[in-house]
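Let's take a walk through a protein model together. Have a look at the sequence and the 3D view first, and then we'll go through it piece by piece.

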Amino acid sequence: MADQHAQLDWDEQGQPSSRQYADVYFSRENGLEETRYVFLSNNDLPQRFAALQPDEQLVIGETGFGTGMNFLCAWELFEQMAPSGARLHFVSVEMHPLTHADLQRALALWPSLQRYSQQLLDGYFGINTGFQRLVFDAGRVVLTLMIGDVLAMLPQLDARVDAWFLDGFAPSKNPEMWTPDLFAQLARLSTAQTTLGTFTSTGYVRRALNDAGFQMKRVPGLGKKWEVMRGTFGGAASTSSKPWFARPAHSPRERSALVIGAGLAGCATAASLAARGWQVELLERHAAIAQEASGNPQGVLYLKLSAHGTALSRLIVDGFGFTRRLLERLHKGQDWDDCGVLQLAFDEREAQRQAKLAAAFPDTLLTQIDREEAERKAGVGLASGGLFYPDAGWVHPPALCQHLIAHPKVNLHGCQHALQLKRVDGEWQAWSGERMIARAAVVVLCGAADITRFAQSAQLPLKRIRGQISRLPASPTSIALRTVVCAEGYVAPVCQGEHTLGASFNFDSDDLTPSSAEHASNLELLREISGDLADRLQVDALEPDTLQGRAAFRCTSPDYLPIVGPLADPVAFAEAYAVLARDARQVPQVPCPWQEGLYINSGHGSRGLITAPLSGELIAAWLNDEPLPVPQDIAEACHPNRFMLRQLIRKG
């Protein structure tokens, strides 16, 4: 995951070429015309966009994002031709993404695309290795950038692609982008209606694509390019090798959903569904949204990563980028601030861990700094240096939740405590005692550990951990704190006259009344973070029982990954896959016995700000048969069925 930005050279006309591959990004004579001919026309996109129904989508896959010109031209054509309500998904892989400055310079060459290129530039940050999802035009246009090696990224893509743009550098310059292994992945992701366009007409490329199941033919080129290729896929669509993680075949009669729980997970899920035209009834047992763990005055974008590329670590990187792009829509300084987050190397073990992270991740995501630099960034005295995350910071979670549900298709129902779910005549009903309070085709359970109260999800192994924050009135000298500082706890810069300090971990208490003992524990955490800041806040003179704060339950799973996706019936699941208890290597091709229309988004622990918004996109992708916004192995690692699968295998 080292920094892999493209290295560019610029010619006399201001056009870029790749220093890594000694090739141009687009035709020097007629770049826009070539894109529109080779990729848009040769995939019949004008007619296909026009033929879309209002609730349909078209998925374009691309090898080689480059300057993004193909994406921008496709977006422009989609806007011109597609009906209102149709959606465009553009999925592109790129090993060497341009820096923001280089992208801005390159796109300035095409002033006719400025309306689209400016939106791309506005969202083009936090582009780290992995799957990075960018959302435009209120969700009508979605770009998923897969940053990394093409043969590492494409096998992890779960999608059905309607049209391919093969636009890597020329086969003679970058042969890794034109291999049979890559073409086999294109075939895996294609259907009988999939088309393909590419600028190259090289013979071995044509033969290899034909061998993969595409029916390719050479067609006249444009300008100095004599020939290009277009084709269709003639092979068979592939199926999931793991039926217990496959997409449910459920097609609801109407696009309506109940989302139960209006914390961050529920609000994010509601937002992602509403952006796709779903009518969402959001049920909350409290009178207002974000009343539990999502209700703290300041939450921290805390990236606890692993240098070993674990599923959780990669999910955090992907989710961090998505959340950061989302926060740009809030009021900076009031509802959020990208002041940076500093993780102190508070002991030798932590220092060693941080050194490994600094070697594994690019400095655009994190940098290792010494004590002097850490104190300069933080504005207060510190005991050590640490890792600094320049794009991170704090957010007021209720403001983010309110922004997410500000959509005409989201109806919030406060003081509605759903206690029971019933499946009646193909739809879900939520009941509170003897009263039915809502109904819809689909239900998504987002109420943290409370979802285990429903019979349909009672088996999920969720646990609650009490956490308490303390609110410290700022002093004239404490306002010098300029960044979030973390050790075993965290302290945030001043917001509305207060610093947020926390958070305790209590595994044994079910009482949410703020405790003076945990206030005292938080003050001790502050002394460990910064004795200087503790002195500025005069914590020795503070009485813990006079402090203001709040307590809430974090909700976690045994493997600390969230639980996101469709849920099967546990009894039928055990029967369908009983053979796994005898031989875990078996993959019986038995359809998964889904609880039709039932989905989960829970278990985000203390990482909800980073993982919950992207998980809302994951739920929407499951329900709309879209490209998943995370790698396939991460989707499987977060899947609700993983626990039933493990239990079955352990029995053997």
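**Starting from the core**

Keep in mind that this is a predicted model. Its largest nonpolar core is made up of 78 residues, and the ones with the most contacts inside it are Phe49, Ile60, Phe71, Leu120, Leu186 and Leu209. Helix α3 (residues 69–81) supplies the largest share of this core, with 8 residues. There's also a second, separate core: it has 77 residues, including Ala268, Leu326, Leu387 and Ala492.

Now zoom in on Leu209. Which residues is it in contact with, if we leave aside its neighbours within four places in sequence? They are Leu166, Phe183, Leu186, Leu196, Phe214, Met216 and Met229. You've already met Leu186 as one of the core residues with the most contacts.

Leu120 from that same list takes us to a pair of helices. The axes of α4 (residues 100–107) and α5 (residues 114–123) come within 10 Å of each other and cross at roughly 180°. Angles over 145 degrees count as roughly antiparallel, so that's what α4 and α5 are to each other. Where do they meet? On the α4 side you'll find His100, Leu103, Gln104 and Leu107, and on the α5 side Ser117, Leu120 and Leu121. Sorted by class, this contact has 4 nonpolar and 3 polar residues, but no charged ones.

Finally, zoom out to the whole chain. It's divided into domain 1 (8–233), domain 2 (247–271 + 278–291 + 418–460 + 562–651) and domain 3 (341–390 + 463–556). The C-alpha centres of domains 1 and 2 are 34 Å apart, and their contact takes 15 residues from domain 1 and 13 residues from domain 2.

Terms used. Residues are numbered from 1 along each chain as its sequence is written. This is a predicted model: local features need pLDDT of at least 70, side-chain atom pairs count only at pLDDT 80 or more; totals for chains, interfaces and linings use all residues. Side-chain values use heavy atoms; hydrogens and water are left out. Axes are lines fitted to C-alpha atoms, for helices over the stretch in contact, and angles run from 0 to 180 degrees between N-to-C directions. Helices (H or I, at least four residues) and strands (E, at least two) are DSSP runs, numbered from the N terminus. Angles under 35 degrees count as roughly parallel, over 145 as roughly antiparallel, 65 to 115 as roughly perpendicular and the rest as oblique. Contact means heavy atoms within 4.5 Å. Ala, Val, Leu, Ile, Met, Phe, Trp, Tyr, Cys and Pro count as nonpolar, Asp, Glu, Lys and Arg as charged, and the others, Gly among them, as polar. A nonpolar core is a set of buried Ala, Val, Leu, Ile, Met, Phe, Trp, Tyr and Cys residues joined through side-chain atoms within 4.5 Å. Buried means under 20% relative accessible area, exposed over 50%, partly exposed in between (1.4 Å probe, protein chains only). Domain bounds come from an automatic or database domain assignment.
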